[in-house]
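User: Could you take a close look at one part of this model for me? I'm curious about the charged side chains and how they pair up.

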Amino acid sequence: HVFSGSGSLYQRRGSLELFKDRLYERFSNSPVELSFWLHVDHRIHNMPRPELRQLDEKGELVHREKLNAREVHNADGMWIRIAKELVPEPGINYQLNISGKYVTVDDLLVKPRDARVMIRQHNQELMLDNYRVPVASKR
């Protein structure tokens with residue numbers, strides 16, 4: 001399954017580390033939006049469980065937050081968009097893990113909250129702030 005572009009990340013079961021980075025070094029203390037698309041698989045009743053962890057410089061867990069994958073209002077077919085806003089802190093490593101069965105993730109985007117980001121995929125699809133941009137078909 002692919003949301004956009006030519007590929008996605010898939011894991012049959014277990015935990016998948018999607019992202020790990022020190023956001024403060026890139027964005028200072030400006031608000032950041034982290035978003036991605038998660039496939040809703042019809043073979044299971046439970047959604048995969050995304051979790052954002054904050055680790056200190058020694059790798060010790062400082063904070064853990066489960067991201068909501070059930071009550072999501074951004075849906076596109078069998079895909080849901082998960083988004084989290086945060087303000088990066090110095091010395092903190094942010095780690096995004098997703099656990100469950102049949103985990104399929106696509107289009108991870110980390111951007112300044114107030115920035116507008118347009119991406120053209122290899123198949124010419126456009127994404128604006130990690131939303132698919134509808135394009136009129138030629139007649």
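Which residues are linked in a network of salt bridges?

Analyst: Keep in mind that this is a predicted model. The residues you're after are Glu51, Arg53 and Arg64, which are joined in a network of salt bridges. One contact to zoom in on is arginine 64 with glutamate 51, whose side chains meet in a salt bridge at 3.9 Å, N to O. That pair links distant parts of the chain, 13 residues apart: arginine 64 sits in strand β4 (residues 61-66), and glutamate 51 in strand β3 (residues 49-55). As for burial, glutamate 51 has a relative accessible area of 10%, so it counts as buried, while arginine 64 is partly exposed at 46%.

For context, searching the whole structure turns up twelve salt bridges. Another one pairs arginine 116 with aspartate 129, with the closest N and O atoms 3.0 Å apart. Here arginine 116 belongs to the loop between β7 (93-112) and β8 (118-120), and aspartate 129 to the loop between β9 (126-128) and β10 (131-133), so the pair ties together parts 13 residues apart in sequence. Aspartate 129 is buried, with a relative accessible area of 9%, whereas arginine 116 is exposed at 63%.

Then there's aspartate 21, which forms a salt bridge with arginine 26; their closest N and O atoms are 2.1 Å apart. Aspartate 21 is buried at 17% relative accessible area, and arginine 26 is exposed at 56%.

Technical notes
Residues numbered from 1 in each chain as written. Predicted model: local features only at pLDDT ≥ 70, side-chain atom pairs only at ≥ 80, totals over all residues. Heavy atoms only, no water. Salt bridge = Lys/Arg side-chain N within 4 Å of Asp/Glu carboxyl O. Buried < 20%, exposed > 50% of the residue type's maximum accessible area, 1.4 Å probe, protein only. Helix = DSSP H or I, 4+ residues; strand = E, 2+ residues; numbered from the N terminus.
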